[in-house]
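User: Could you take a close look at one part of this model for me, the ligand site and the strands that lead up to it? I'd like one connected walk-through rather than a list.

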Amino acid sequence: MNPYKGIDLLNLDSQFTDDERQVRATIREWVDRAAMPEVESSFNAGSFPVNLVESLADLGIFGAHLDGYGCAGLGPIAYGLMMEELERADSGLRSFASVQSSLAMTAIHEFGSEKQRQLYLPDMAAGKLLGAFGLTEADHGSDAGSMETNAVRIDGGYCINGAKYWITNATVAGIVILWAKLDNAIRAFVVDTSLPGVSREEIHNKLSMRMSVTGGLTFQNVVVTEDALLEGTKSLGSALQCLNSARYSIVWGVNGAAADCLHTTIEYTKNREQFGKSLASFQLVQQKLADMAADLSRSQLLALQLGRLKEQGTLHWSHVSMAKFSNTQTALDIARTCRDLLGAAGITMDFSPMRHSMNLETVNTYEGTRHMHQLILGRHLTGHNAIG
Ligand code: TGC
């Protein structure tokens with residue numbers, strides 16, 4: 001199979017700066033050399049390859065979009081290109097980086113005090129401290145605002161009770177950004193997961209995102225000091241602000257998964273012969289490849305334009321919602337079609353499309369389902385709130 005050199009029919013490369021192209025080249029080389037060889041065994045084992053954490057940190061991936069505190073301070077396009085390359089390997093790898101960076105570190109950077117930033121961010125950028133983002137509860141997924149986890153003030157701090165579920169990195173994180181109701185407002189606390197009263201469980205039997213650790217966290221009379229509160233958090237809107245950053249990384253990331261599927265399938269169909277000629281020479285195959293290339297190109301344009309809006313400071317969450325559901329659905333459709341074109345071989349781990357397709361089922365659901373994002377966009381378009 002020819003090595004991957006990117007799928008870029010519209011020469012979007014010409015839109016990137018030298019620095020952005022260099023960032024992508026560095027991550028692409030590392031993904032091919034260090035990450036790809038880990039994917040099959042990690043996916044089969046249902047675990048994240050923790051041996052990659054140090055290199056992810058050395059590459060400047062953790063908090064790459066943030067300024068100061070040991071973070072790389074990259075622009076939105078370079079950050080997006082990083083996510084695209086990581087997800088080309090596996091959505092679980094991109095999720096690991098994105099939860100650490102876009103959710104946990106962003107929450108502290110955006111809403112924490114200077115002392116909290118100094119305390120946590122350098123270690124998180126260096127990969128010495130891993131973070132999780134505890135918003136979702138078993139009974140409150142899309143309707144995050146109805147969470148039951150609560151905090152009450154006590155002498156010198158807060159006492160927290162509740163439980164979170166479907167949390168990436170729950171069992172490996174040293175801290176969790178825990179969203180809880182305090183005086184009826186949704187606020188976030190930085191909670192050390194080794195505190196008494198915190199228990200964690202891993203969710204097993206996942207058919208998707210197997211190269212990623214997902215779990216539940218329970219908080220029973222967990223006592224935290226006053227400085228655990230991220231003072232800047234005021235409402236669910238604060239959590240959604242972090243999610244916008246994570247959803248932005250999905251918008252780019254899923255294009256990497258789709259590109260890997262398409263590359264794999266173009267190569268496979270060129271090399272496989274049926275009825276005496278290569279599969280790639282059949283019209284029905286070319287029609288599917290052409291449709292997928294056109295769809296992927298649209299998703300790439302959408303990601304680039306979101307990056308431009310983010311650079312200008314004019315990115316609105318309705319843009320993010322539109323691109324999250326649209327690009328994820330496109331990638332999922334591409335992965336399924338590629339699996340089909342690979343025939344029986346496509347159901348094995350020898351080829352990536354079915355694994356990407358299983359992962360993208362999760363990406364389609366987490367950080368806001370397709371339906372939620374359609375309703376967010378629908379509300380923006382019409383002024384009518386059809387949520388709930
Ligand atoms: P609503 O009244 O619409 O809004 C509440 C406040 O939020 C503001 N807002 C936003 N702010 C930033 N970005 C957005 N996208 C925002 N959408 C709304 C809004 O202005 C308001 O602000 P304020 O200051 O007036 O309070 O709230 P709602 O209850 O009607 O909910 C709206 C909805 C459905 C959009 C929201 O609940 C939603 O996005 N739901 C999906 C939740 C979701 O994505 N859950 C998955 C989280 S992932 C997770 O927890 C695990 S971390 C990832 C991992 O571990 O893998």
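Analyst: Let's settle one term before we start: a residue counts as exposed when its relative accessible area is over 50%, as buried when it is under 20%, and as partly exposed in between. Keep in mind too that this is a predicted model.

By that yardstick W166 is exposed, because its relative accessible area is 51%. Its ring partner Y165 has a relative accessible area of 23%, so Y165 is only partly exposed. The model has eight aromatic pairs, and Y165 with W166 is one of them: the two rings meet edge-to-face, 5.2 Å centre to centre, with 65° between the planes. Elsewhere, ring pairs tie F48, F62 and F96 together into a cluster.

Now for the strands. Strand β3 covers residues 157-168 and runs antiparallel to β2, residues 150-154, with five bridges joining the two. Within that pairing, V152 of β2 sits opposite C159 of β3. The hairpin that connects β2 and β3 has two residues between the strands, and G156 takes a positive phi there, near 80°. β2 has another partner in β4 (residues 175-182); here the sense is parallel and there are two bridges. A151 is where you can see that pairing, with L182 of β4 as its bridge partner. As a general point, side chains in a regular strand alternate between the two faces of the sheet.

Strand β3 also takes us to the ligand. β3 supplies at least two residues of the shell around it, as do α4 (91-111), α6 (236-271) and α10 (370-382). The largest share comes from α6, with seven residues. In total there are 26 residues around the ligand, and those that come nearest are T136, S142, T168, N244 and R247.

T168 deserves a second look, since the range of β3 is 157-168. A polar atom in the T168 side chain is 2.4 Å from an oxygen atom of the ligand. S235 contributes as well, with a side-chain N or O atom 3.1 Å from a ligand oxygen. R379 puts a polar side-chain atom 3.0 Å from an oxygen atom of the ligand. As for how covered the ligand is, it exposes 1100 Å² when taken alone, and the protein buries 76% of that.

Charges over rings turn up in the model too. K310 has its charged end over the ring of Y248, 5.1 Å from the ring centre. K277 does something of the kind with F282, lying over the ring face at 4.8 Å from the centre.

Finally, a couple of backbone oddities, if you're going to check phi values. N205 is not a glycine, yet its phi is positive, near 65°. You'll find N205 in the loop between β6 (198-202) and β7 (214-225), and it is exposed, because its relative accessible area is 73%. N11 also has a positive phi without being a glycine, in this case about 50°. N11 belongs to the segment before α1 (18-45), and with a relative accessible area of 45% it is partly exposed.

Definitions and conventions
Residues are numbered from 1 along each chain as its sequence is written. This is a predicted model: local features need pLDDT of at least 70, side-chain atom pairs count only at pLDDT 80 or more; totals for chains, interfaces and linings use all residues. Side-chain values use heavy atoms; hydrogens and water are left out. Two strands pair if DSSP finds at least two bridges between them. Helices (H or I, at least four residues) and strands (E, at least two) are DSSP runs, numbered from the N terminus. Rings of Phe, Tyr and Trp (its six-membered ring) pair if their centres lie within 6.5 Å; planes under 30 degrees apart count as stacked, over 60 as edge-to-face and the rest as tilted. Buried means under 20% relative accessible area, exposed over 50%, partly exposed in between (1.4 Å probe, protein chains only). A charge sits over a ring if NZ of Lys or CZ of Arg is within 6 Å of the ring centre and within 35 degrees of the ring normal. A residue is near a molecule or strand if one of its heavy atoms lies within 4 Å of it. A polar contact is a pair of N or O atoms within 3.5 Å; within protein, one must be able to donate a hydrogen and the other to accept it, and residues adjacent in sequence count only if both atoms are side-chain atoms. Accessible areas come from the Shrake-Rupley method with a 1.4 Å probe; for residues, only the protein chains shown count as cover.
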